[in-house]
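Please take a moment with the sequence and the model below. A short tour of the fold comes after them.

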Amino acid sequence: MSNYTQFKCNGCKRDTEFLWLDATEMPDGFKLYQCMDCGCVGVKNIVEAKDVDDSDVVRCDDCAAWKFKDVSCYTCQLIGEYDANI
Ligand SMILES: [Zn+2]
Ligand SMILES: [Zn+2]
């Protein structure tokens with residue numbers, strides 16, 4: 001077993017290991033990752049990690065995005081901020 005988090009990579013299109021990069025200014029539930037295979041760097045929703053326990057992850061009632069059940073929905077927060085700025 002490795003200690004790396006697995007995600008589906010947007011670059012090499014495989015379920016592969018990702019290195020977590022330390023980044024500030026990341027919204028709750030998101031982290032910056034680099035693919036150990038192709039080097040592709042991206043922001044990943046940590047609920048999409050392959051080793052997250054399914055029981056902790058739910059669909060948001062409002063927008064149907066994946067989220068952790070004990071945190072508020074980031075997608076809804078974004079929509080709320082957008083609405084507030086109109
Ligand atoms: Zn990759
Ligand atoms: Zn939502």
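The report below goes through the strands, then the core, then one lysine. Please keep in mind that this is a predicted model.

**The sheet**

Let us begin with the overall arrangement. Four strands make an open sheet in the order β1-β2-β3-β4, and their pairing is antiparallel. β1 and β4 are the edge strands, each pairing on one side only. From one strand to the next, the twist averages 55°.

The table sets out the strand pairs, each with its bridges and its sense.

| Strand pair | Bridges | Sense |
|---|---|---|
| β1 (residues 5-8) and β2 (residues 15-21) | 4 bridges | antiparallel |
| β2 and β3 (residues 30-35) | 4 bridges | antiparallel |
| β3 and β4 | 5 bridges | antiparallel |

A few facing residues help to find the register by eye. Between β1 and β2, Phe7 stands opposite Thr16 of β2. Moving across the sheet, Leu19 has Gln34 of β3 opposite it. Gln34 in turn stands opposite Val41 of β4. Following Leu19 to Gln34 and then Gln34 to Val41 is a handy way to walk over the strands on screen.

The hairpin of β1 and β2 has 6 residues between its strands, and there Lys13 adopts a positive phi near 65°.

**The core**

Which residues form the largest nonpolar core? It has 5 members: Phe7, Cys9, Phe18, Tyr33 and Cys35.

Phe18 is a good residue to centre the view on. Apart from neighbours within four places in sequence, Phe18 is in contact with Tyr4, Thr5, Gln6, Phe7, Tyr33, Gln34, Cys35, Met36 and Lys44. Among these contacts, Phe7, Tyr33 and Cys35 are also listed in the core.

**A lysine in β4**

The last of those contacts deserves a visit of its own. Lys44 sits in strand β4, which spans residues 41-45. Is Lys44 buried or exposed? Lys44 counts as buried because 20 other C-beta atoms lie within 10 Å, and the cut-off for a buried residue is 20 or more.

What is Lys44 in contact with, leaving aside its neighbours within four places in sequence? The list is Phe7, Phe18, Phe30, Lys31 and Tyr33. Of these, Phe7, Phe18 and Tyr33 belong to the largest nonpolar core.

For a sense of scale, try Lys44 and Ala64: they are 20 residues apart in sequence, and their C-alpha atoms are 17 Å apart in space.

Methods: Residues are numbered from 1 along each chain as its sequence is written. Chains are lettered from A and ligands numbered from 1 in the order in which they are written. This is a predicted model: local features need pLDDT of at least 70, side-chain atom pairs count only at pLDDT 80 or more; totals for chains, interfaces and linings use all residues. A nonpolar core is a set of buried Ala, Val, Leu, Ile, Met, Phe, Trp, Tyr and Cys residues joined through C-beta atoms within 7 Å. A residue is buried if 20 or more other C-beta atoms lie within 10 Å of its own, exposed if 12 or fewer, and partly exposed in between; C-beta atoms are placed from the backbone. Two residues are in contact if their C-beta atoms, placed from the backbone, lie within 7 Å. Helices (H or I, at least four residues) and strands (E, at least two) are DSSP runs, numbered from the N terminus. Two strands pair if DSSP finds at least two bridges between them. Axes are lines fitted to C-alpha atoms, for helices over the stretch in contact, and angles run from 0 to 180 degrees between N-to-C directions.
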